[in-house]
Amino acid sequence: MRIDVVSIFPEYLAPLNLSLVGKAVRDGLLDLRVHDLRDWARDRHRTVDDTPFGGGAGMVMRPDVWGEALDAVMTPGAHLVVPSPAGQPFSQQLAADLAGTEQLVIACGRYEGIDARVVEHYAAAGTVSEVSLGDYVVNGGEVAALVVVEAVARLLPGVIGNPQSLVEESHAGDGLLEYPVYTRPTAWAGLEVPEVLLSGHHGNVARWRRDRSIERTAARRPDLLLALDPAQLDRGDLAVLSALGWSVREGGLVPPG
Ligand code: 6GU
């Protein structure tokens, strides 16, 4: 697939040459192109922003400069992603959807954001997603572009050596957080590896991991349990949840208290 990133700080995207994503590019699995937005500015200062209509702090990125850039970079059917703290939360589901597209274009805003007509204009012609990393503010879309490119690239066929690792990880499909993992040495800092993992009993290992996934999810992300279909849960799952004070009503899980 092809991914284009447009930014006033193209050097910010340099880490994409490293590690797994860098290898995917070198192996020809990903056509990654990073562009400097200022290449489409028209004045000699290469201005990309102006003061906000209606007043207020900061600067807003000009729609005409963005329009020139996106018209030059987007091919028919491209999916435009605009990072924004006001976007929908980025998710594994969206990463998987984006991994199935031919071209992804990521428009990195800075300052107070991009003139709202840019999203409106490109949404009329194709698919546009405004995406947020979470409920906090960072200074621009570049870190979100790093996140989106990495989350999408690792799902492309051939990028990850063992595709089974995509199946077992957090947020991959069963709606639970991943269980804790251990390796040698068996004793470290006075802490032992859980006995069951050394037992060689695959059934007991699988049950133990599933129990730990459920406990972790209940403690850290109860919202994920609320979204589960109880039909996906087996008797062992229900026993752990019940011990944690959760119960099952028709259609969903009910938290303790
Ligand atoms: Cl995508 N951009 C900015 N500037 N801040 C954010 C964000 C994005 N997601 C969370 N905070």
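1. Strands, as the term is used here, are DSSP runs of at least two residues, numbered from the N terminus. The structure is a predicted model. Strand 5 contributes three residues to the shell around the ligand, the largest share.

2. The ligand is surrounded by P83, S84 and P85, by V131, S132, L133 and G134, and by Y136, V137, V138, G140 and A144. Two strands each supply at least two residues of this shell, namely strand 5, spanning 79-89, and strand 7, spanning 127-132. In terms of class, the shell holds eight nonpolar residues and four polar ones, with no charged residue.

3. Nitrogen atoms of the ligand have protein atoms beside them at three residues named here. At Y136, a backbone N or O atom lies 2.5 Å from a nitrogen atom of the ligand. For L133, the distance from a backbone N or O atom to a ligand nitrogen atom is 2.8 Å. At S132 the atom concerned is a polar side-chain atom, found 3.4 Å from a nitrogen atom of the ligand. Taken on its own, the ligand has 290 Å² of accessible area, and the protein covers 95% of that area.

4. Which pocket holds the ligand? The ligand sits in the largest pocket. The space in the largest pocket amounts to about 490 Å³. Its lining consists of 27 residues, of which P83, S84, P85, A86 and G113 are the closest to the centre. Two or more lining residues come from each of strand 5, helix 4 (117-125) and strand 7.

5. Strand 5 also gives the largest share of the lining of the largest pocket, with five residues. The lining of this pocket comprises 15 nonpolar, eight polar and four charged residues, whereas the shell around the ligand has no charged residues.

6. The second largest pocket has a volume of about 280 Å³. Among the 15 residues that line the second largest pocket, E168, D174, Y179, R210 and S213 are the closest to its centre. Helix 6 (164-168) and helix 7 (202-220) are the elements that give two or more residues to this lining.

7. Which element gives the most to the lining of the second largest pocket? Helix 7 does, with four residues. By class, the lining of the second largest pocket has six nonpolar, three polar and six charged residues.

Key. Residues are numbered from 1 along each chain as its sequence is written. This is a predicted model: local features need pLDDT of at least 70, side-chain atom pairs count only at pLDDT 80 or more; totals for chains, interfaces and linings use all residues. Side-chain values use heavy atoms; hydrogens and water are left out. A residue is near a molecule or strand if one of its heavy atoms lies within 4 Å of it. A polar contact is a pair of N or O atoms within 3.5 Å; within protein, one must be able to donate a hydrogen and the other to accept it, and residues adjacent in sequence count only if both atoms are side-chain atoms. Accessible areas come from the Shrake-Rupley method with a 1.4 Å probe; for residues, only the protein chains shown count as cover. On a 1 Å grid over the protein atoms alone, a cavity is a set of points where a 1.4 Å probe fits but cannot get out, and a pocket is an open set with protein on both sides within 12 Å along at least five of seven lines; lining residues have an atom within 4 Å of a point. A molecule sits in a cavity or pocket if more than half of its atoms lie within 2 Å of its grid points. Ala, Val, Leu, Ile, Met, Phe, Trp, Tyr, Cys and Pro count as nonpolar, Asp, Glu, Lys and Arg as charged, and the others, Gly among them, as polar. Grid points are joined across faces, edges and corners, and a volume is the space filled by probe spheres set on the points.
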